[in-house]
Amino acid sequence: MLDNIEKWIDETLEKYSSQRVSCKLFAESFKGFYPEEFLNSSYFVVVDEIPKPNFPELYDMGLTDFIEMDVDGITYKSTYFIKKGFESNHRLHFHELVHVLQWQLLGGKAFIERYIQEINIHGYRNAPLEEMAYGLDSYFAAGNKPVNVPAFVQMKI
Ligand SMILES: [Zn+2]
């Protein structure tokens, strides 16, 4: 199952590869939070509808709410997708970049496995990987002084 999800993700990333935009455009806004090299190798795609896998097996795994939930953004590996209209929402970009770091630190399959497990146990909003991203995006949105997000995520994950 994890293999199928990862395959779907890789195909989706391939499909949108020509539309992706480099996050280096946030170098100034996220200075001190995210290193430039990290932003240079992270991407986002603006879409009308957020692509999500919807194999029948996922419903069997208890992910119905997650699949049907209306989200503004989602991260797959080093690329995240955001809904049209949210392009200038820096807090959302910041949030998704936390997930890019989590994907990198855990690796593809381990991220997927852990994310699904957390959603099943805690629900979407209280899943620890989400809590971490929400905590950091609210810290950023409140105008607090920069913290090194990769170091923080590495310590907390
Ligand atoms: Zn999130």
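**Zinc site, pockets and selected residues**

Lysine 77 is partly exposed, with a relative accessible area of 21%. The value lies in the band between buried, under 20%, and exposed, over 50%, so the residue is assigned to neither of those classes. The structure described here is a predicted model. In this model, lysine 77 is found in the loop that runs between strand E3 and strand E4 (79–83). Its backbone has a positive phi of about 60°, although the residue is not a glycine.

The model contains a zinc ion with protein donors from histidine and glutamate residues. These donors are His95 (NE2), His99 (NE2) and two entries for Glu130 (OE), at 2.0 to 2.6 Å from the ion. Along the chain, the donors follow the spacing H-x3-H-x30-E. Histidine 99 belongs to helix H5 (residues 90–106) and glutamate 130 to helix H7 (residues 128–141), so this pair ties together parts that are 31 residues apart in sequence. Histidine 95 also lies in helix H5.

The angles among the 4 donor atoms of the zinc ion run from 54 to 152°. A tetrahedral site would need all angles between 85 and 135 degrees, and a square planar one would need opposite donors over 155 degrees apart; the site therefore counts as irregular.

The residues that hold the zinc ion were also examined for accessibility. Histidine 95 has a relative accessible area of 4%, which means that it is buried, as the limit for that class is under 20%. Histidine 99 and glutamate 130 are buried as well. The side chains of histidine 95 and histidine 99 are in addition joined by a polar contact of 3.1 Å.

Two pockets are described next. The largest pocket has a volume of about 520 Å³. It is lined by 30 residues, of which Phe66, Gly73, Ile74, Tyr115 and Glu130 are the closest to its centre. Glu130 is thus named both among the lining residues of this pocket and among the donors of the zinc ion. Two or more lining residues come from each of helix H1 (2–15), helix H4 (64–68), strand E3 (73–76), H5, helix H6 (108–122) and H7. The largest share is given by H5, with 6 residues. By residue type, the lining of the largest pocket consists of 19 nonpolar, 5 polar and 6 charged residues.

The second largest pocket has a volume of about 210 Å³. Its lining is made up of Glu49, Ile50, Pro51, Lys52, Asn54, Ile67, Glu68, Met69, Asp70, Val71 and Lys83. These divide into 5 nonpolar, 1 polar and 5 charged residues.

Two further residues were considered for their accessibility and their position relative to other parts of the chain. Glutamate 14 is located in helix H1. With 58% relative accessibility, glutamate 14 counts as exposed, because that class begins over 50%. From glutamate 14 to tyrosine 124 the separation is 110 residues in sequence and 27 Å in space, C-alpha to C-alpha.

Valine 21 is placed in strand E1 (residues 21–22). At 30% relative accessibility, valine 21 counts as partly exposed. Valine 21 and asparagine 89 are separated by 68 residues in sequence, and their C-alpha atoms are 15 Å apart in space.

Conventions: Residues are numbered from 1 along each chain as its sequence is written. This is a predicted model: local features need pLDDT of at least 70, side-chain atom pairs count only at pLDDT 80 or more; totals for chains, interfaces and linings use all residues. Side-chain values use heavy atoms; hydrogens and water are left out. Donors are N, O and S atoms within 2.8 Å of the metal (3.2 Å for Na, K and Ca); water is not among the atoms, so sites may look incomplete. Four donors count as tetrahedral if all angles lie between 85 and 135 degrees; four count as square planar and six as octahedral if opposite donors are over 155 degrees apart and all others between 65 and 115; anything else is irregular. Helices (H or I, at least four residues) and strands (E, at least two) are DSSP runs, numbered from the N terminus. Buried means under 20% relative accessible area, exposed over 50%, partly exposed in between (1.4 Å probe, protein chains only). On a 1 Å grid over the protein atoms alone, a cavity is a set of points where a 1.4 Å probe fits but cannot get out, and a pocket is an open set with protein on both sides within 12 Å along at least five of seven lines; lining residues have an atom within 4 Å of a point. Grid points are joined across faces, edges and corners, and a volume is the space filled by probe spheres set on the points. Ala, Val, Leu, Ile, Met, Phe, Trp, Tyr, Cys and Pro count as nonpolar, Asp, Glu, Lys and Arg as charged, and the others, Gly among them, as polar. A polar contact is a pair of N or O atoms within 3.5 Å; within protein, one must be able to donate a hydrogen and the other to accept it, and residues adjacent in sequence count only if both atoms are side-chain atoms.
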